[in-house]
Amino acid sequence: MFQAIRRGGLTETDATSYQPICRESTRQHICRSGCHWIEEPIDESMTQHIVLLTPEIALSWLKRNDINRPFSRGNARLLADEMGAGRWKENGESIVFDSDGMLIDGQHRLQAVLNSGREYLVPVVTGIAAAVRPTVDTGRKRTTANNLSMAGEANGATLAAALLLWKGYESRQVQGVTGNTFQKYSVASIMEFLDQWPDMREAVRRAKSLIPKGHGRAVIPASEVAMLWYAIVDVGNSPERADEFLSSVLLGHNLAPGNPILALRRRLIDHMRPGMRMAKRERLALALKAWQLWSTGQRRQILRWEPEQDFPYLT
């Protein structure tokens with residue numbers, strides 16, 4: 001109930017003295033399996049409930065998934081993995097039914113609850129007009145970069161990409177984060193990666209400072225520069241040594257014939273021509289191979305790496 005109150009000494013004409021406050025303190029009932037409406041989530045007008053969503057309820061409601069967007073097994077699997085690992089949070093996202101009891105939003109979360117066997121408190125909205133179905137879940141999805149920026153992290157997009165690259169590199173599964181079979185990670189997982197490798201912030205900062213400004217597209221994107229910098233320093237080299245190598249790769253100044261950095265730049269620039277494209281995995285492999293040669297004083301006129309070869313991880 002809303003009630004107007006006023007402070008002592010103020011007259012009825014002092015409109016600014018009034019503040020609407022809610023005196024309702026009753027907590028909303030939490031619905032569970034057995035509540036009368038669970039089996040028939042039908043209302044004539046919009047109504048909200050808080051429900052302890054169990055796998056059994058999820059299965060029942062998935063049977064009401066009559067007309068919805070195409071189901072993504074990968075998305076449901078990712079959500080189920082998050083729930084199974086304890087990373088899923090009760091964040092207020094609703095399960096929505098129309099006035100006929102048809103599910104119009106929440107199919108992937110329901111499937112994830114069913115697959116994971118977990119229980120969660122969720123808001124459930126019933127009684128939505130069927131005609132508004134096309135307007136549901138049409139807002140712009142918040143990206144990992146958005147979440148990192150909202151958490152106060154600088155260069156959110158580059159940081160997120162660099163963390164994913166390092167995850168693949170560190171786990172010796174580069175193909176998983178650079179190829180066509182890109183492994184998806186949740187926002188919560190990437191935030192955990194940042195907790196695990198906090199120095200990636202410095203790697204991104206260095207990468208941004210090394211890439212020349214006003215010279216068009218860099219021969220290596222910032223996220224890959226950051227991952228390479230991190231990989232070089234991770235095996236015991238100084239940050240200054242990593243800066244020296246990557247600066248030469250990016251700028252190409254004073255490179256004599258036989259310098260493996262010159263050979264690398266030729267390959268990279270050749271694949272920047274219109275109609276040419278180099279796979280991210282190949283670009284990283286060539287850069288790491290050039291580092292291995294340059295850092296040990298070896299010379300090369302031509303630099304090659306084939307996908308069937310072992311990836312040149314640093315040791």
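This report describes a predicted model, taking in turn a five-stranded sheet, the helix packed on that sheet, an enclosed cavity and one buried arginine.

## The open sheet

In this predicted model, 5 strands form an open sheet whose order is E3-E4-E7-E5-E6, and the pairing within that sheet is mixed. Strand E3 (30-31) and E6 each have a single partner strand and stand at the edges, so one side of each is left without a neighbour in the sheet.

At the E6 edge, the pairing of E5 with E6 is antiparallel and runs over 2 bridges, and Val-96 has Asp-105 in E6 as its bridge partner. Helix H3 packs on the sheet, where it touches E4, E5, E6 and E7, and the direction of H3 makes about 105° with that of E6.

## Helix H3 and its surroundings

Helix H3 is mostly covered, with 7 of its 10 residues buried; the buried residues are Gln-107, His-108, Arg-109, Leu-110, Gln-111, Ala-112 and Val-113. These buried residues of H3 pack against strand E4 (47-53), strand E5 (95-98), strand E6 (103-105) and E7, and also against helix H1 (55-62) and helix H2 (73-84).

Just after H3, the backbone at Gly-117 takes a positive phi of about 80°.

## The cavity

A search of the whole structure, with a threshold of 30 Å³ or more, finds 1 cavity, and the volume of the largest cavity is about 90 Å³. Its lining comprises 14 residues, of which Trp-88, Glu-93, Arg-109, Tyr-120 and Val-122 are the closest to its centre.

Helix H3 (107-116) and strand E7 (120-128) each supply at least two residues of the lining of the largest cavity, and E7 gives the most, with 4 residues. Arg-109 therefore appears both among the buried residues of H3 and among the lining residues closest to the cavity centre, while the lining by class has 8 nonpolar, 2 polar and 4 charged residues.

## Arg-283 in helix H12

Which helix holds Arg-283? The place of Arg-283 is in helix H12, which spans residues 280-295. With a relative accessibility of 14%, Arg-283 counts as buried, because the cut-off for that class is under 20% relative accessible area.

When residues up to four places away in sequence are not counted, Arg-283 touches Val-219, Ile-220, Pro-221, Glu-224, Leu-268 and Met-278.

Notes:
Residues are numbered from 1 along each chain as its sequence is written. This is a predicted model: local features need pLDDT of at least 70, side-chain atom pairs count only at pLDDT 80 or more; totals for chains, interfaces and linings use all residues. Side-chain values use heavy atoms; hydrogens and water are left out. On a 1 Å grid over the protein atoms alone, a cavity is a set of points where a 1.4 Å probe fits but cannot get out, and a pocket is an open set with protein on both sides within 12 Å along at least five of seven lines; lining residues have an atom within 4 Å of a point. Grid points are joined across faces, edges and corners, and a volume is the space filled by probe spheres set on the points. Ala, Val, Leu, Ile, Met, Phe, Trp, Tyr, Cys and Pro count as nonpolar, Asp, Glu, Lys and Arg as charged, and the others, Gly among them, as polar. Buried means under 20% relative accessible area, exposed over 50%, partly exposed in between (1.4 Å probe, protein chains only). Contact means heavy atoms within 4.5 Å. Two strands pair if DSSP finds at least two bridges between them. Axes are lines fitted to C-alpha atoms, for helices over the stretch in contact, and angles run from 0 to 180 degrees between N-to-C directions.
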